[in-house]
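Trainee: I'm new to this one. Could you walk me through it, one question at a time?

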Amino acid sequence: MCAECATELLENKFGKSDMSDTQKYVLITGASSGIGMAFARHAAQMGHAVGLSARREDRLQQLANELSDNYNVSTDIFVSDLCEPDSGLALASSVLAKGRKVDVLINNAGFSIASSFAASTYSAQREFLELTINTPVALTHALLPGMLERNWGRILNISSITALSSGGKGHTLYPAGKSFLLKFSQSLHAEVAHRGVHVSAILPGFVATEFQQTNGMEDEMNGLPHWMVQRPEQVVTEAWRRNENGTEIIATGMVAKTMAAAMQILPETWMRAITRKMAEDAYVGD
Ligand SMILES: NC(=O)c1ccc[n+]([C@@H]2O[C@H](COP(=O)([O-])OP(=O)(O)OC[C@H]3O[C@@H](n4cnc5c(N)ncnc54)[C@H](OP(=O)(O)O)[C@@H]3O)[C@@H](O)[C@H]2O)c1
């Protein structure tokens, strides 16, 4: 079975509906760089208003100016540290207080912790869980009712291909956190797709962003052949199109699709050995 065909088996197709002809409001977390910034540009290019959230205000302001100048769309910025407890709810309140009706929610902000679990602080692990799990859940819980009321919504949770892996040394909570987003997306999609709300987990493979510098993975990334690495724009174009079609799990690009197919087909013992060897080779911790 080809990788594409196996990936198709993971997908649930629902009726097509088109968002190209009406202006929507798209809220994106982690919009100050990488995949989030590419989502913001993509949405603005399609004529949609955007809400941009991250910690770096200068970056957000620069992006907001660029998008309103180039595409004449309305832009809001929401400066927020989404690792803070209840920051997801606070962000949703700020957006709603401005009178915005969020049609598309992109839970994208993320980071990872390169060291081993024992060598990192609990506070760092708690922040990871807050940003990866609690913030997307809070934003979704607060913004979903409006989507259901309007019988239209799109939620894209940026997970990772590691969500399907068996884990390994270093980045200990990363596969677990990303698996949470995958299962959450599937369950929610099952609940709300028939009411016009599509929920997808996006599973990128290797994407050239600031993620590697920020998270101590530069050497690993630099060692990869070019064909294995996607540009953020490629992730975004595919994620947007397939979410629109009602696809639940979206592994982006050929490398992630092949990995996804292998993880579905190969016995768990093989996958455990392979993913743990890969994690071991990339391990930079103690
Ligand atoms: N790059 C890859 O190879 C890859 C592969 C699979 C999945 N992903 C996932 O894709 C998503 C986007 O990552 P990326 O590759 O675009 O990385 P990136 O360039 O490092 O972007 C991360 C974004 O998250 C924001 N962020 C980080 N911590 C935050 C916090 N405490 N509060 C609010 N915002 C915060 C950052 O903004 P500020 O620093 O301004 O706050 C930035 O905008 C992440 O969820 C990541 O796990 C990436």
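**A buried aspartate, two cores and a ligand**

Mentor: Sure, and keep in mind that this is a predicted model. Let's start with a pair of side chains: D76 and Y25 are joined by a polar contact of 2.6 Å.

Trainee: Which other side chain does D76 join through a polar contact, at 2.7 Å?

Mentor: Look along strand 3, residues 75–79, where D76 lies. The residues that D76 touches beyond four places away in sequence are Y25, V50, G51, L52, K98 and R100. From that list, the side chain that makes the 2.7 Å polar contact with D76 belongs to R100.

Trainee: Does D76 count as buried or exposed?

Mentor: Check the cut-off: a residue is buried when its relative accessible area is under 20%. D76 has 6% relative accessibility, so it counts as buried.

Trainee: L52 was among the residues touching D76. Where do I find L52 in the bigger picture, and which element gives the largest share of that core?

Mentor: L52 is one of the residues with the most contacts inside the largest nonpolar core, which has 30 residues; V26, I28, F39 and I106 are also among them. Several elements give two or more residues to this core, including strand 1 (25–29), strand 2 (49–54), helix 3 (57–71) and helix 9 (232–244). The largest share, 7 residues, comes from helix 2.

Trainee: How many residues does the second, separate core have?

Mentor: Look for L82, L91, L131 and L144, which are included in it. In soluble globular proteins, nonpolar side chains tend to be buried together. For this second core, the count is 28 residues.

Trainee: Now the ligand. Which residue places a side-chain N or O atom 2.7 Å from an oxygen atom of the ligand?

Mentor: Begin with the residues that come nearest among the 30 around the ligand: S32, S33, R55, Y174 and T209. Backbone atoms take part too, with a polar one of I35 at 2.8 Å from a ligand oxygen and an N or O atom of N108 also at 2.8 Å from a ligand oxygen. The side chain at 2.7 Å is that of R55.

Trainee: How much of the ligand's area does the protein bury?

Mentor: Taken alone, the ligand exposes 880 Å². Helix 2 (34–45), helix 6 (174–192), strand 7 (206–207) and helix 7 (211–214) each supply at least two residues of the shell around it. The share of the ligand's area that the protein buries is 96%.

Trainee: And how many residues of that shell are charged?

Mentor: The shell divides into three groups, with 13 nonpolar residues and 12 polar ones. The charged residues number 5.

Definitions and conventions: Residues are numbered from 1 along each chain as its sequence is written. This is a predicted model: local features need pLDDT of at least 70, side-chain atom pairs count only at pLDDT 80 or more; totals for chains, interfaces and linings use all residues. Side-chain values use heavy atoms; hydrogens and water are left out. A residue is near a molecule or strand if one of its heavy atoms lies within 4 Å of it. A polar contact is a pair of N or O atoms within 3.5 Å; within protein, one must be able to donate a hydrogen and the other to accept it, and residues adjacent in sequence count only if both atoms are side-chain atoms. Accessible areas come from the Shrake-Rupley method with a 1.4 Å probe; for residues, only the protein chains shown count as cover. Helices (H or I, at least four residues) and strands (E, at least two) are DSSP runs, numbered from the N terminus. Ala, Val, Leu, Ile, Met, Phe, Trp, Tyr, Cys and Pro count as nonpolar, Asp, Glu, Lys and Arg as charged, and the others, Gly among them, as polar. A nonpolar core is a set of buried Ala, Val, Leu, Ile, Met, Phe, Trp, Tyr and Cys residues joined through side-chain atoms within 4.5 Å. Buried means under 20% relative accessible area, exposed over 50%, partly exposed in between (1.4 Å probe, protein chains only). Contact means heavy atoms within 4.5 Å.
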